[in-house]
Amino acid sequence: TERYLERLRHFEVRDDDVWICTFPKCGTTWTQEMVWCLMNDLDFETSKTVDLDEKMAFIEFISIVDENSAGSFPDTIQQASDMPSPRIIKTHLPFDMLPNQIRTREKTPKIIHAFRNSRDVCVSFYHHWRVLEGFNGSFDLWSRIFL
């Protein structure tokens with residue numbers, strides 16, 4: 001909604017932030033784990049025991065959940081704001097929806113942009129929606145929807 005967009009635009013960015021920016025199904029989780037391990041001296045044991053959502057924030061998550069169930073999810077924008085530095089922040093937002101301080105280069109966090117062949121993304125999204133969201137259509141229908 002518009003109120004979340006405003007909060008995201010005015011989010012206070014830190015120069016030591018690391019932002020993982022991806023389109024969904026482009027290796028986001030793999031990239032998150034790799035970056036966290038690199039920033040934490042390859043602490044694989046902690047990485048195995050601490051949930052990904054505790055290690056970093058999916059900043060816009062609160063804006064994409066159903067308004068009626070938003071109260072049962074943490075305010076991920078506030079969660080990201082409250083994290084100690086250096087923060088790792090995940091987003092699927094396009095560049096023009098990132099915080100103003102990033103777009104204007106007022107702040108210069110590290111930005112990791114992971115991407116993947118669009119055909120592979122389409123197939124991965126299809127399986128995601130079939131298994132997790134209950135999509136029952138054919139792959140042909142899905143690929144037309146995806147495009």
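Helix H9 (139-146) is part of what covers the buried residues of helix H8, and that helix is a good place to start a tour of this predicted model. From there we visit a strand with both faces covered, then the salt bridges, of which a search of the whole structure finds 7. The last stop is the aromatic rings, which form 10 pairs.

**Helix H8 and its two ends**

- H8 runs over residues 118-132, which makes 15 residues.
- From its first C-alpha to its last, H8 reaches 20 Å, close to the 21 Å expected at 1.5 Å a residue.
- Which residues of H8 are buried? They are Val121, Cys122, Ser124, Phe125 and Tyr126.
- The N-terminal end of H8 has a cap, provided by Asn117. A side-chain oxygen of Asn117 lies 2.7 Å from the backbone nitrogen of Arg119.
- After H8 comes Gly134, a residue with a positive phi, near 80°.

**Strand S3 and its partners**

- Strand S3 covers residues 88-91, and its side chains are buried on both faces. Ile88 and Lys90 sit on one side, while Ile89 and Thr91 sit on the other.
- This pattern has a simple background: in a regular strand, side chains alternate between the two faces of the sheet.
- Strand S1 (residues 18-22) pairs with S3 in the parallel sense, over 4 bridges. To find this pairing in the model, look for Cys21, which stands opposite Thr91 of S3.
- Strand S2 (residues 57-58) also runs parallel to S3, and 2 bridges join them. Here the place to look is Ala57, which stands opposite Ile89 of S3.

**Salt bridges**

- As background, side chains of opposite charge can pair when their charged atoms come close. Three of the salt bridges in this model are described below.
- Arg9 and Glu6 form one of them, with their closest N and O atoms 3.7 Å apart. Both residues belong to helix H1 (residues 2-9), where they are 3 residues apart, about one turn of the helix.
- Why does that spacing suit a pair within one helix? An α-helix has 3.6 residues a turn, so residues three or four places apart point the same way.
- Arg9 is partly exposed, because its relative accessible area is 25%. Glu6 also counts as partly exposed, at 34% relative accessibility.
- Lys107 and Glu12 form another salt bridge, and their closest N and O atoms are 3.5 Å apart. Lys107 is in the loop between helix H7 (100-103) and strand S4 (110-114), and Glu12 is in the loop between H1 and S1, so this pair ties together parts 95 residues apart in sequence. Glu12 counts as partly exposed, at 47% relative accessibility.
- In a further salt bridge, the side chains of Lys55 and Glu33 meet at 3.0 Å, N to O. This pair links distant parts of the chain, with Lys55 in helix H4 (residues 52-55) and Glu33 in helix H2 (residues 28-39), 22 residues apart.
- Is Lys55 buried or exposed? At 8% relative accessibility, Lys55 counts as buried, because the cut-off for buried is under 20%. Its partner Glu33 is partly exposed, with a relative accessible area of 25%.

**Aromatic rings**

- There are 10 aromatic pairs in the structure. One of them is Phe23 with Phe125: the ring centres are 6.1 Å apart and the planes stand at 80°, so the pair is edge-to-face.
- Phe23 lies in the loop between S1 and H2, whereas Phe125 lies in helix H8, so the pair ties together parts that are 102 residues apart in sequence.
- Phe23 counts as partly exposed, at 45% relative accessibility, while Phe125 counts as buried, at 14%.
- Phe61 and Phe73 make another pair, with ring centres 5.3 Å apart and planes at 70°, so this one is edge-to-face. Phe61 is in helix H5 (residues 61-64) and Phe73 in the loop between H5 and helix H6 (76-82), so the pair ties together parts 12 residues apart in sequence.
- Phe61 is partly exposed, with a relative accessible area of 26%, and Phe73 also counts as partly exposed, at 34% relative accessibility.
- Which residues join Phe23 and Phe125 in one aromatic cluster? They are Tyr126, Trp129, Phe135, Phe139, Trp142 and Phe146.

Definitions and conventions:
Residues numbered from 1 in each chain as written. Heavy atoms only, no water. Expected span 1.5 Å × (residues − 1). Buried < 20%, exposed > 50% of the residue type's maximum accessible area, 1.4 Å probe, protein only. Contact = heavy atoms within 4.5 Å. Polar contact = N/O pair within 3.5 Å; in protein donor to acceptor, adjacent residues only side chain to side chain. Pairing = 2+ DSSP bridges. Salt bridge = Lys/Arg side-chain N within 4 Å of Asp/Glu carboxyl O. Phe/Tyr/Trp six-rings, centres within 6.5 Å; stacked < 30°, edge-to-face > 60°.
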